[in-house]
Amino acid sequence: MRLNVIIILILILASTLDAQTTLSDTIINIGPVQVDQNHKLVTPEKSGMQTTKVDSSVLAENTGTDLGELLNSNSPVFIKSNGRGAMSTASFRGTASSHTQVSWNGINLNSPLLGMVDFSQLPVFAFDEIEIFHGGASVENSSGGLGGAILLNQASNWDTLNHFSYNQGIGSYSTHHELIKWDIGNKKWNWQSKIFNIQSANDYTFINRAIGDLNPQTGQIENPLDTNHNAQYGLKGTMQAFHFKPKKNQVISLFQWNQINDRLIPRATSYEGPNNDNLNRQVLNDSKTQLKWKGHFNYNIIDVTTSFTNQNSSYFVKNNVNGLGEIPVIASIIRQNSSFNRVTYENQKWNNWRFKIDIKVDYHVLSGEDTVLKSTFKHNRYEIKPLARINYSTKQLSAQALFRQEFIDNERMPFLPFFGVDYQPLKKIPFKFTGNFSRNFRYPTINDLYWSPGGNPNLLPEQGNTFELGSTYLNQKERYKVKIQLHYFYNDIKKWILWAPSFRGYWEPQNLNKVVSKGLETNANLECIKNNWKLQCNMVYGYTKALNKHEKGSETYNKQLVYIPVHSGNINLRITYKNYHLRYQHNSYSERFTTSSNEINQRDWLYPYFMNSMAFGLNCKWKNYKFQSNFQINNLFNETYHSILYRPMPKQNYLLTLRINYQK
Amino acid sequence: MDDNLLWDQESFNTSTYSGVFIGNEGNFMADNASLSFYDFDSSKVVNDIFYKANGIRLGDVAQSITIKDNLAYIVMNNSGKIQIMDIDSFTFKGKITGLTSPRHIHFLSDEKAYVSDLYAQAISIINPETKSVIGSINLNNGNSQFLQHSSEKMISWKKYVIVNCWSRDNKILFINSETDQLIDSITVVSQPNSMVIDNQDRLWILSDGGFEGSSYDHVKGALQCYDLSSKAQLFIKEFELDESPGDLIINENQDTLYFINHDVYRIPASLVDTTLELLIKSPYTVGSSGGINGISINPINHEIFISDAVDYSEKGKVYRYNQDGVLIDEFKTGIIPSSFAFKQSNE
C-alpha cells in the first residue's frame, strides 16, 4: 500500500517536472561529485578517528531547521526531542545528553551548569560546517565526549564573495522563517553576515488519549481532538564573521553570534486545569564574540583565540490566581559569563611527523536566582585544558597519539590518552582499517555538585575507556563515489552520574557503578552522475546496546538505558535531473523503554517508528540571480509517533521554501 | 504503528473483592501515573487498572485517592483534575476539572467537598454530584507567593476542617465548614506534612523541618501534639537535623500512631508512654536512593501496607505486613507507588 503511494507520488511529480521543463530557459550544471574532504582515505590528523562531515547539500536543505532535526535524520546521533522547537538532547552511542560535547569555533557550548546542549537552540543556517566526531575521536576537542563531539564552524571563504541571498520558508502550523545572508570583500578582507528569524505557533491538532470525555448520550468514553497549546517558539539572531589579512600569511578574524530564543513549554497532555494556569515560558538570550589570529610561518602554524560569551536564561511558571492575576510559582534567571582562551601551535617540518600543542584556558562565572523561591547561587569554574598531539604517517599507514591533561578548579583530572591508527593494506585498493583506544572522563556539572537541594559535592568524575575498530572503503572518481564504513565500538563508563529521588524527598545525583555501551555504526554513501542525472544516496544504521551494569541481581541490571533505541537508521535519497530535484528521507527507530527495568507494557513503552519525508523543487537562473524552490512533506504517511512518552508529534505537514541568490 | 493499536481494554467486576487501590504517582510531566488493585484473598495485583478498563491514561502525578460510596476520586496534581472511577468495575465515571494544582479531596456531604491546592492560594469547594467547582475558600495571607499557604491534608473535627500547610509553611489552618471561612490557625514546626486526630480529641502533627540549603527553613523535624479545644501544645518530640520524617497515620481505634522516618516507627498516641518502636526496617541504607515513601493501614484487620519507589523509574513495590510488622506478601506496582485506599467486599 505504502509502496503504491510512493510510486504514484513519484509519477505525479515526474509529470509535473516534465511540464515545467519548458518553463525554465537555463539549465544549471549538475557539477561533479563532491570531493570528500574527509577522506584522502588516510589522513594524518584523523588517524584512527571516525568522523563524519555533514554534506553541504544536507546543510542547504535543512537550513530552516534546528540542528536536532538535522542530526536526527542524517546521522547516527539519536535526538530525544520534546517536540518541534522544544528541548532536544542528544544520545550518541547510547550515552547521556551530557556525553555529547558540542563546540562552535572551538568554544564549548555544553552548559557548565547542566552539562548538555539543547539542539533546538542551534539554527542550522548559522553554521557553515558541521562535523561529527564519533566516540574517542572527541578527545581531540575536549574531555567529556564519552559519546562523541559535534563541531560547528564558520568557514572563511575568500573565493565566492559578494553575494546576497534571501530564503523565505512558509509551513504548516503558522511556521515561517526568514534567512538573509550576504558577503562582501576582496582579497584583503571580507565580511559575512547572516540574519535569521524562525517562528512557529506550533499549534497542530492531535487526538488526546490522555483525556476522556463521557458522551452524555451513549455513556461511551471519547478522546477529544486537542490542539498543541502553549507550544509556540521563536528563534532569531545574527551571525557575523569578519576576516582581515594584514599580511599574506596571517588572518585576523572577528566573529559575533547573538540570538534570542523565546518559547512556551506545553503542559502535560492530560492537563485539564484552568486555561490560564500552569503557563511555562522560557527565554534564552545568548551572545558570543570571538577574536582570532592565525599565522603560517614556514612549517609552523600558530593560532591564538579569545572569546567571551554571555547567556541569560529565564524560566517562569505562572498561575492565574483569582483576583490577583498571573502569579509566578517559579521565576528563575540563570546567567553565565564565560571567557574562552586558546593557543595552538602546529609544526609540520618533518615529512612523516607532525606535532601540535593546544592549550585552552576557560573561566566561567555562573549566577542565578529565583525571585519566588528566594534562592540564589553563584559559582565560578576555572579550567585549564592542555593537549599534545604527535602524528606519524606514511602513504599506507598513519598513526597518532593525543595526550590530554585537564585541571578544573586547580584539581588535576584523570590523564586522557588517545591512540589511533589507520592502515591501508593494499596500495591499489582504497580500503583501510581504523582502530583506536582512548580514555575519557566527564567532570560533574555545577548542578551535580551544588544544586540545592540534592547537589552532591562528593561526586566523582565519570570515567570511560573506549575501544573502536573499523574499516572504510572509499572509491571516488569524477562521475561516481562509493564510500562504505563499518565501525565497532565498546565504551565502558564507570561512575556514571545519575539523578534519582532520595529518601529525603528530593532528587540527588549519585555515581553508578558502571554502564557499558557497545555497538556498530555503518554508513554507505553512493553518488553517481550520468548525462543530466545525479543520484545521491546516504544510508546510516546504528546498533546500540547501552546496558546498566550497576547492581548485579537487581531488576535493572543488564537492561537497556531508558530512551535508547537498539536499532536506528536513516536513508537519504536525492535524485537531481537537470535543474529539478527530488529527495526522499526515511528515519527509523526500534522500540524504546522508559523504565529502567525495561517493562514492555502499553504505557511505559515507546513503539518503533518509521518516519518518511519527501521534498521536491527546482532551480533556475536569470542573469546574476539564482532562484531555488523546495516543497517538503514531513510525516509523509501521516503516522502517529512519539519521540518521548505520550508527547504528541505532528501529523503530515508541509514547508515551502523559496530562495533568491544574487552573485555579483 | 498507531496509538489505536495500543488499545487493549478489559472489563472487571470486583464487587465481591476486598482489596486495596494503590496510586502510583508516575514521573512529573511524563503522564505515566497509574492505579493498581491488590486483592486480599488471592494476594494478586492487577496494575494499570484505569487504563485497562477505560483506554485512557490516568494523568500526571497521582497525588491521592479517596473512596466515597462506590466511587474512587483520584487527584491528579499536574493534570489539574480529579478522575472519578467506579471501584468495582474500574470504569471511568467522570472528572472534576479546572483545578490549579490539586492535592487532596475531603468530603463533607454528598453535595460538598473541599479540594486542597499547592498554588491556588485557596481551597476549592466542589459539588461531587454535579462534578463542578462551586466556590473557593480564600487562603491568601497577604504575603508573597513564597509564603502563601499551600494546603495539603484535611481532617474534619466538629464543624471544622483542619488543614496542614506543608510547602514553605508552618501553619495548621482551621476552616469553618458551615461558613467556608478560614477562622483560625496554629503555628507548628516548619513544614508539617501529615496529621491525625486521636480518640482523645488531640491533633498529632508531623513536620519535616525543611531541608539543607532551603531558602525557607532547615530545623529539626518534630512530632507534636495539640489539644484541639485549647489549641495548646501538649507534647513535642524532635528528630535529628538530617532526618526527614513523614506520613503520619493512625489506626482505626485512633490510639496508635505510625510514621516513616527512613524506617517505619510506631508510637502510642499517648502522652504518658512515648517510646518509639522500630516496626519495619527499610531495606535501604541511609543515603542511598529509594526507600519507603508511603504507608497505610487496613481499617478492618490492621494490616500495614508500605510502598517503595525503588529507583523511581522502574516498577515500584508494595509490602504487606501484619500488625506486628511480619511480612505477609510483596508485589510490584506502577511507577512510584505512594497512596492507598481500601475497598471492602459488597457481600
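Which strands of chain A each supply at least two residues of the nonpolar patch? Select strand S27 (462-476) and strand S28 (480-494), since those are the two to look at. Strands here are DSSP runs of E with at least two residues, and helices are runs of H or I with at least four, numbered from the N terminus.

Before going on: this is a predicted model, where local features need pLDDT of at least 70, side-chain atom pairs count only at pLDDT 80 or more, and totals for chains, interfaces and linings use all residues. Residues are numbered from 1 along each chain as its sequence is written, chains are lettered from A and ligands numbered from 1 in the order written, and side-chain values use heavy atoms, leaving out hydrogens and water.

**The patch.** S28(A) gives the most, with three residues. Now pick Phe403(A), a patch member that sits in strand S22 (residues 397-404) of chain A.

**Salt bridges.** Next, hunt for a side-chain nitrogen of Lys or Arg within 4 Å of a carboxyl oxygen of Asp or Glu, which is what a salt bridge is. Select Lys46(A) and Glu131(A): their side chains meet in one, at 2.9 Å from N to O. Lys46(A) is in the loop between helix H1 (2-21) and strand S1 (51-53), and Glu131(A) is in strand S6 (residues 129-134), so the pair ties together parts of chain A that are 85 residues apart in sequence. Both residues are buried (under 20% relative accessible area; exposed is over 50%, partly exposed in between, with a 1.4 Å probe and protein chains only).

Then jump to Glu468(A), which forms a salt bridge with Arg93(A), closest N and O atoms 3.1 Å apart.

Technical notes: Patch = residues over 30% accessible without salt bridge, like charges linked within 9 Å, V, L, I, M, F, W, Y side chains within 5 Å. Areas by Shrake-Rupley, 256 points an atom, 1.4 Å probe, with all protein chains shown as cover.
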